[in-house]
Amino acid sequence: EPFQGDWALPVDLSGNLARWNGMRCFCGIGGQTTEKLRGFWVMFPPVDAEPPEVVMIAVKNLVALPGPPPGATRTPWETKFGSLEGPGLEALEDEAAAEKRQEQKLLSLCDGAENEEEDDRSQDLSDSEDSSAGLVMEVGSLVKISGTLQLGTVEGMPAAESEDVQVQVLPDVTGGGGKKCFPRASLSVTEKQKAELEAVCSVCASEHPEEDLLICENFCRDCASTVHAQCLKPPQKVPAGDWYCSACSSQKRKSATEKGEGPAAKMRKPEAKSKAPKAKPKASVKAKASSKQK
């Protein structure tokens, strides 16, 4: 078997390469044939001052020839390619194989980044689960109602484990709310942070797209409103600042009015200033009548 820098004879070639059988050639850089076989780019001595022809031939079709004796004269291209010592270079990949290998490398890097992000999110969820796992259900606890998207706060705890728990169900954009009783097994204690991470749209019951999911500023306190901006009626744009659901907005306006800070309160101020017309003209008329009688 020839090595890089050896002289060799091609044998058993067929097709377009058959004409090189038995012709002395010089083994250059190692590579890979179209049949994925290890081979060499071989050079045939130039003829009539033409550039030497270079052909890829599989190693199995090359028979090594004895090298020149030490000190023998070599042609310039023998000197150039024969100076590379060793059993030959590693087989070269074709361009398509190199591109595919690079693409797989990039995909593996992307998958690694996505897995790392998913691990971070899983860690956040597991941390929140761990923090809520040790919570005890008591009056005032935030609870999630099994089989629904509803949240509520515990209003009253029964003396017996078998009795129902009284819960103040928090309303959302679809309505609901009010005091109801639930079996203890259907309630799980949670926290606001975990509830926000698990929040889904109250209308379509999906969290995606997350960037359009609105969460009321009073979430887990006065309401459980989480909704996509496009699921509102009519659809809205995602606000730049805080967002309040319709129920909380009404309560906020009502509170401002009662404190004399809202628009309705400002409109009533002129009415408070208005007074009944004075009766001075009538008094003057009576004075004139009495003077006439006198």
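In this predicted model, Ile145 faces Leu187 of strand β10. Ile145 closes strand β6, which spans residues 142–145 and pairs with β10 in the antiparallel sense over three bridges. This pairing belongs to an open sheet of five strands, arranged in the order β9-β8-β7-β6-β10 with antiparallel pairing. At the edges stand β9 (178–182) and β10 (187–189); each has a single partner strand, so one side of each is left without a neighbour in the sheet. From one strand to the next, the twist averages 45°.

Aromatic contacts make a pleasant second stop. The count comes to two aromatic pairs. In one of them, Trp7 and Phe26 meet edge-to-face, with 5.5 Å centre to centre and 65° between the planes. Because Trp7 lies in strand β1 (residues 7–10) and Phe26 in strand β2 (residues 25–32), this pair ties together parts that are 19 residues apart in sequence. Trp7 and Phe26 are both buried. The ring of Trp7 also has a charged companion: the charged end of Arg24 sits over it, 3.4 Å from the ring centre.

Trp20 and Phe44 form a stacked pair, since their ring centres are 4.0 Å apart and their planes lie at 15°, under the 30 degrees that counts as stacked. Trp20 is in the loop between β1 and β2, whereas Phe44 is in strand β3 (residues 38–44), so the contact links parts that are 24 residues apart in sequence. Trp20 counts as buried at 5% relative accessibility, and Phe44 is likewise buried, with a relative accessible area of 2%.

Methods: Residues numbered from 1 in each chain as written. Predicted model: local features only at pLDDT ≥ 70, side-chain atom pairs only at ≥ 80, totals over all residues. Heavy atoms only, no water. Pairing = 2+ DSSP bridges. Helix = DSSP H or I, 4+ residues; strand = E, 2+ residues; numbered from the N terminus. Axes fitted to C-alpha atoms, helices over the stretch in contact; angles between N-to-C directions. Phe/Tyr/Trp six-rings, centres within 6.5 Å; stacked < 30°, edge-to-face > 60°. Buried < 20%, exposed > 50% of the residue type's maximum accessible area, 1.4 Å probe, protein only. Lys NZ or Arg CZ within 6 Å of the ring centre and 35° of its normal.
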